[in-house]
Structure formats: C-alpha cells, structure tokens
Amino acid sequence: MRKFASGCVRIVGSGKLFIKSVRPRARRALPEAQGAVKDRRLMTSHTFAAANPLRGTIRVPGDKSISHRALMFSGLAVGQSRITGLLEGEDVLATAAAMRQFGADIIRADDGTWTVHGAGLGSLLEPKSALDMGNSGTSTRLLMGLVASHAITATFIGDASLSGRPMGRVIDPLSQMGAGIEASGGGTLPLMLRGASPAVPITYRLPVASAQVKSAVLLAGLNTPGITRVIEPVPTRDHTERMLTGFGARLEVGEENGEKVIAIHGEADLKPMDVVVPGDPSSAAFFMVAATLVPGSDLTILNVGLNPTRAGLLAVLRQMGADITEVDAREVGGEPVADLRVRHAALTGIDVDPAIAPSMIDEFPVLFVAAALASGTTRTSGLEELRVKESDRLSTMATALSSVGARVEEHEDGLTIHGTGGEPLRGSANARVKTMLDHRIAMSMAVAGLVSRDGVSVDDTSPINTSFPTFMGLLAEAAA
Ligand code: S3P
C-alpha cells in the first residue's frame, strides 16, 4: 500500500478557460522488436485552468462500444446498412479499416451517415496486411473473435499501450474453439491468429467481468456450427446481445444458478439494418463531473445513452450529492437515452459499492477527480481490472492526482481519496501530468485543471482523439 502526501489548496478565481498549447514534438518511436508500431500522433501538451461555469447545451459524440459493434455487425450482414451518429474517433476508425480489409464496403457521406455493404458472415477476405488496432482493445479483442471462426489468418498490431495489454483472456476461449494463435510474450500483441473452419462451439464461463471477452466468444460463435454459450457471473455491458438480435442473429439470454447465460446459434445469416448510435455516457461523464464541480454551472448534455449496464456513474454521483436530472427519457437505436441537466453541487465522499464497478468501469478516473473535491473520504475497491486498461488507471490516477495536490492512497484494488471539501486543488504549474497514452486520464486531469489554483498541465492530449475528438472544443464552448 502506498501513501501520498496531502497538498494545500485555496479558492480559485473565475478566470476564462485557459487551454495553452505547447508545440507538438514527435513521440519517441518504439523499437519494432518490442512489437509496437510507430506512433503517428504528435504529442501535444496543454494546460487546463480555472474555467467559467459550464453552461448551455452540448452534444457528446456517439457511443464507442456501440459504434464498434455497428461497423462489425453491418460488415457481416448481406446487404446495405446505414449508421448515423457513429463516433468518428481513432479507435472506431481502426475497426472500420479492419472491416474494409475483411471485404466490407464502408463509405462515409458528407452528412456524417455511414453506409456499409457487408462482406457476409463466412465470406470474410484474408487481410492483405497487418491489422493496425492503434490504441483500441475493443477492436482487437472483438475482431480476434471474428477471425477465430473464419478460414483466414490475420496479424494484429497496436501502439505501445495496446501492445502491453493482456490478450490471454481471449486467446484461451478462442483456442478452445480451434483457432491457432501465436502471440508475443505474456500473451500480447503483435499476434497472429489462424481461424478454424469449422470452429468448435464451447460453453465458456467468464473468469473476468469483461464485455470484450464475452463479445469475442459470441462473435466467434456466429460462424460456428451449433450453439456457443457464454456464462456471465457478473453482468457487463450488453450492447452485443442487443444489437446482434437486431441484425437477425438467434441469441437467447437466460439465467442458470443466478448467472446470466447467453446462447448464440451459429452459422447465422445477418440481415442489414439502420443503426442510430446514442451519445456516449463515458464521454458525457467528463462533463457531468466538470459541471458538478465548477461553481455556478448549469449544463445540459443531450442524447446520453443510459443503458443500465453503463449508468453506474450517474448513480454514484447522485449518491455523493450531485444534482443531475434526466430530461425526456426515450429510446434511441434500442438503447435507453435521456438529456442530462447537471447543476453544480457539493459532493460528499462515499464507499463505492464494488458491485457497481462493471457498469462504470471506464468512469473511475473521472470519479476519482470528483472524489478529490468532495468533503470526506471516498473509498473504492474491487477495481483490479483498472490496472489493465489503456494504462494502469489506479497508479496513473494516484500519481497524477497526488502531483496536483490531492490526498490519495493507492491499494491493490482501488484508491482511497480524502477530498478537499470543495476547495480547489493546488494544480501543477511546472510539472506535466503523465497520461501514459490513456485518453481517459488526459480528460480526467483536464477536469481536475478546471478546479485547480495553478492549472493542470497534461503531457499529451493527442490520445483524446481515440474516443472524443470534439472534447477540447466542447469544453471551451461550455465554459465560454
Ligand atoms: C468495452 C468493454 C470494456 C470497456 C471498454 C469497452 C466494450 O472493457 O472498458 O472501454 O466495448 O466491450 P472490458 O471488457 O475489458 O471490461
């Protein structure tokens, strides 16, 4: 257990939002021997400082998880699908590029509508070159599932962050189904996957709560004769189940011994459909916390997906005292959606129930920022999975928040944070916070900058483009 010193804080003035750009410098190229692809992005540091209240109305981009799946499933259907509201972030574009290599015809119209003519399940082409997954774990793991039951071979590569992430969790079930996989040391990228034809249906009980692993097995099951089953002891996001049903797959969701069981009937024929992608609750999260923390804020975030398997942060923030109301609750593309009106409120620290973690797994970095400004102590536990995200989010956030004056204790499976009671954080005038190629760390620390005395310098904001390319613009707009 590591302990971190406390920092001093005082009240911040209500200056203008200050986003200072520093000239980009080329990120150090990584040795090919490590298997990492060269990063084409330029590092761009920024300083985020005290903002005006966040006010008005904003619209966050499309849901990342749903966007990946919309491209994948429409790329497997026979006929033309249309996708509106697709997130055009780097991760999703990596999925689009891979689906094109598999033979799908994917076109973006000027109005932002995407049209997909699927390659057809069972008819995927062998990619001519390695599939560059960039920073995207979702693209990698789900597409590995897809290749696993096709008679093709594909090589998966990624950036330095992705190349350090565990793929054993998908290699295990996909190998059981008959795929041949040669991975780098410790089960990481780059890896080569030879699909099995036919693959063997399995019943797989998830050893970790992971929607990516669940989806990889279900995607492999799509082109596998017979019925493939996934047993999910802890429910995770269910976009795959919802959307595959819409595309015409035969999928049954039941319960055995209190655990969710999903059965997919193989050798399916997917029919095309029109998908409307709701706004991403994981992107809205940064604005929910920012508007809660910055005094005087009253911000409405339009069209936020509120699937119960994703809405954990809303419940936790409310438990801490946040003032967030759901307006015009409705359904978009088979998913519950509402506009969220967020008004500034004082927060109180709580013990976060570990059972809620899967429904807010990507939101913990920004929850830690909220906790750092709450009164009293917030304790989190059961968060081992955060150590294998785009970065080790427990240690990266503990280090980042401590460096700007928050009082944080890091444990094996969570953080304990002693909040300031609403007083601003000290900030980091001279030191740059390390974001470790992790978009959510960059955005969380941007929010911390808004409630700091000296501002928070983030070493690299370029990873934000993986999930939320309009983040900087929306932040400036909301705090104008
Ligand atoms: C995702 C599942 C989650 C989440 C990721 C997106 C998905 O990962 O962290 O950002 O789209 O299925 P795990 O399945 O590893 O928990």
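Select glutamate 232 and lysine 214 in this predicted model. The two side chains form a salt bridge, and their closest N and O atoms are 3.0 Å apart. Glutamate 232 belongs to strand β15 (residues 227–232) and lysine 214 to helix α5 (residues 211–222), so this pair ties together parts that are 18 residues apart in sequence. Both glutamate 232 and lysine 214 are buried. Over the whole structure, a search finds 28 salt bridges, and the tour will visit two others.

Next, select arginine 341 and aspartate 298. Here the closest N and O atoms of the salt bridge are 2.7 Å apart. Because arginine 341 lies in strand β21 and aspartate 298 in strand β19, the contact ties together parts that are 43 residues apart in sequence. Are these two residues buried or exposed to some degree? Arginine 341 is partly exposed, with a relative accessible area of 29%. Aspartate 298 has a relative accessible area of 19% and is buried, since the cut-off for a buried residue is under 20%.

Now display the strands around that salt bridge. Strand β19 (residues 298–305) and strand β21 (residues 335–343) run antiparallel and are joined by six bridges. Within this pairing, select isoleucine 301, which stands opposite leucine 340 of β21. Then add strand β20 (residues 323–332), which also runs antiparallel to β21 and is joined to it by eight bridges. In that pairing, isoleucine 324 has valine 342 of β21 as its bridge partner. Follow the chain from β20 into β21: the hairpin has two residues between the strands, and glycine 333 takes a positive phi near 55 degrees.

Move on to helix α11 (residues 439–450). How far apart should the ends of its twelve residues be? At 1.5 Å a residue the expected span is 16 Å, and the end C-alpha atoms are 17 Å apart, which agrees. The helix is mostly covered, as twelve of its twelve residues are buried; among them are His439, Met443 and Leu450. At the start of α11, select aspartate 438, whose side-chain oxygen reaches to within 3.0 Å of the backbone nitrogen of arginine 440.

Keep arginine 440 selected and add aspartate 362. The two form a salt bridge in which the closest N and O atoms are 3.9 Å apart. Arginine 440 lies in helix α11 and aspartate 362 in the loop between β21 and α9 (364–373), so the pair ties together parts that are 78 residues apart in sequence. Both arginine 440 and aspartate 362 are buried. To see the wider setting, select Arg165, Arg237, Asp362, Glu390, Arg393, Asp438 and Arg440, which are linked in a network of salt bridges.

The last stop concerns aromatic rings. A pair of such rings is described by the distance of the centres and the angle of the planes. A search of the whole structure finds six aromatic pairs. Select phenylalanine 73 and phenylalanine 247, an edge-to-face pair with 6.0 Å from centre to centre and 80 degrees between the planes. Phenylalanine 73 lies in helix α1 (residues 64–76) and phenylalanine 247 in the loop between α6 (239–246) and β16 (251–256), so the rings tie together parts that are 174 residues apart in sequence. Phenylalanine 73 is buried, with a relative accessible area of 0%, and phenylalanine 247 is buried with a relative accessible area of 0%. Finally, select Phe286, Phe287, Phe468 and Phe471, which form one aromatic cluster.

Definitions and conventions:
Residues numbered from 1 in each chain as written. Predicted model: local features only at pLDDT ≥ 70, side-chain atom pairs only at ≥ 80, totals over all residues. Heavy atoms only, no water. Pairing = 2+ DSSP bridges. Helix = DSSP H or I, 4+ residues; strand = E, 2+ residues; numbered from the N terminus. Phe/Tyr/Trp six-rings, centres within 6.5 Å; stacked < 30°, edge-to-face > 60°. Buried < 20%, exposed > 50% of the residue type's maximum accessible area, 1.4 Å probe, protein only. Expected span 1.5 Å × (residues − 1). Polar contact = N/O pair within 3.5 Å; in protein donor to acceptor, adjacent residues only side chain to side chain. Salt bridge = Lys/Arg side-chain N within 4 Å of Asp/Glu carboxyl O.
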